[in-house]
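User: Hi! I've got a protein chain here and I'd like to learn how to read it. Can we go through it together, one question at a time?

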Amino acid sequence: QVQLVETGGGLVQAGGSLRLSCAASGIAFRFNTIGWHRQAPGKQRELVATISMFGSTTYADSVKGRFTISRDDAKNTVYLQMNSLKPEDTAVYYCYAPLSNLWGQGTQVTVSS
């Protein structure tokens, strides 16, 4: 089955941490750049971080220094380690494989103040 499945979301206090996982199946994972996006209520979906097949990473300015994206090709999984979380990080987080035009179903992250 061709899919991306996100897990790891939840409710955390400001200053806390969460690690999101995006598990892929049915695609040539190791050749894919994978991106994490997020969408807050009433706002457009925005790109948070990407990781290429070579391990190169990019980050939105709003998360630089706090979030880290990584991948484990042996597990077909990409991670997003989120530290020093802020209430404005509250959103549904999605992973996306542009080469396959494939989105996950999303996982909710809520940061309380």
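**Walking through the chain**

User: Before the details, where does L99 sit in this model?
Analyst: Keep in mind that this is a predicted model. L99 is not inside a strand: it falls in the loop between strand 9 (91-97) and strand 10 (102-103).

User: Is L99 buried or exposed?
Analyst: The cut-off for exposed is over 50% relative accessible area. L99 comes out at 63%, so it counts as exposed.

User: Which residues make the nonpolar surface patch that has L99 in it?
Analyst: The patch covers about 470 Å². L99 shares it with three partners, and the full set is F31, M53, F54 and L99.

User: Let's zoom out. How many helices and strands does the protein chain have?
Analyst: Reading along the sequence, the pattern is β-β-β-β-β-β-β-β-β-β-β. The tally for the protein chain is zero helices and 11 strands.

User: What is the radius of gyration of the protein chain, and what does the globule rule give for 113 residues?
Analyst: The C-alpha atoms fit in a box of roughly 40 × 25 × 25 Å along the principal axes. For 113 residues the globule rule gives 13 Å, and the chain is close to that, so it is as compact as a globular protein of that length. Its own radius of gyration is 13 Å.

User: What share of the 113 residues is buried?
Analyst: Buried means under 20% relative accessible area. Of the 113 residues in the protein chain, the buried ones make up 43%.

User: What percentage of the accessible surface belongs to carbon and sulfur atoms?
Analyst: The accessible surface of the protein chain is about 5,900 Å² in total. The part belonging to carbon and sulfur atoms is 50%.

User: Which residues does the disulfide join?
Analyst: A disulfide is a covalent bond between the sulfur atoms of two cysteines. The count here is one disulfide. Its sulfur atoms are 2.1 Å apart, and the residues it joins are C22 and C95.

User: How far apart in sequence are the parts that C22 and C95 tie together?
Analyst: Joining C22 to C95 makes a disulfide. C22 lies in strand 3 (residues 18-25) and C95 in strand 9, so the parts tied together are apart in sequence by 73 residues.

User: Are C22 and C95 buried or exposed?
Analyst: Anything under 20% relative accessible area is called buried. C22 has 0%, and C95 has 0% as well. So C22 is buried, and C95 is buried.

User: Which hand does the disulfide of C22 and C95 have?
Analyst: Look at the torsion about the S-S bond, which is about 75 degrees. That value makes the disulfide right-handed.

User: On to charges. Which residue forms a salt bridge with R38 at 2.9 Å?
Analyst: The chain has five salt bridges by count. E46 meets R38 in one of them at 2.6 Å, N to O. The bridge with R38 at 2.9 Å is formed by D89.

User: Is R38 buried or exposed, and what about E46?
Analyst: Under 20% is buried, over 50% is exposed, and anything in between is partly exposed. R38 has 5% relative accessibility, so it counts as buried. E46 has 34%, so it counts as partly exposed.

User: Where is H37, and is it buried or exposed?
Analyst: H37 is found in strand 4 (residues 34-39). Leaving out residues up to four places away in sequence, H37 touches a set of residues including E46, Y94 and W103. With a relative accessible area of 13%, H37 is buried.

User: What about Q44: which residues does it contact beyond its neighbours within four places?
Analyst: Q44 is in the loop between strand 4 and strand 5 (46-51). At 73% relative accessibility, Q44 counts as exposed. Setting aside neighbours within four places in sequence, its contacts are R38 and Q39.

User: How far apart in space are Q44 and N76?
Analyst: In sequence, Q44 and N76 are 32 residues apart. In space, C-alpha to C-alpha, the distance is 28 Å.

Technical notes. Residues numbered from 1 in each chain as written. Predicted model: local features only at pLDDT ≥ 70, side-chain atom pairs only at ≥ 80, totals over all residues. Heavy atoms only, no water. Patch = residues over 30% accessible without salt bridge, like charges linked within 9 Å, V, L, I, M, F, W, Y side chains within 5 Å. Areas by Shrake-Rupley, 256 points an atom, 1.4 Å probe, with all protein chains shown as cover. Salt bridge = Lys/Arg side-chain N within 4 Å of Asp/Glu carboxyl O. Helix = DSSP H or I, 4+ residues; strand = E, 2+ residues; numbered from the N terminus. Buried < 20%, exposed > 50% of the residue type's maximum accessible area, 1.4 Å probe, protein only. Contact = heavy atoms within 4.5 Å. Disulfide = S-S within 2.5 Å. Rg over C-alpha atoms; globule rule 2.2 N^0.38 Å.
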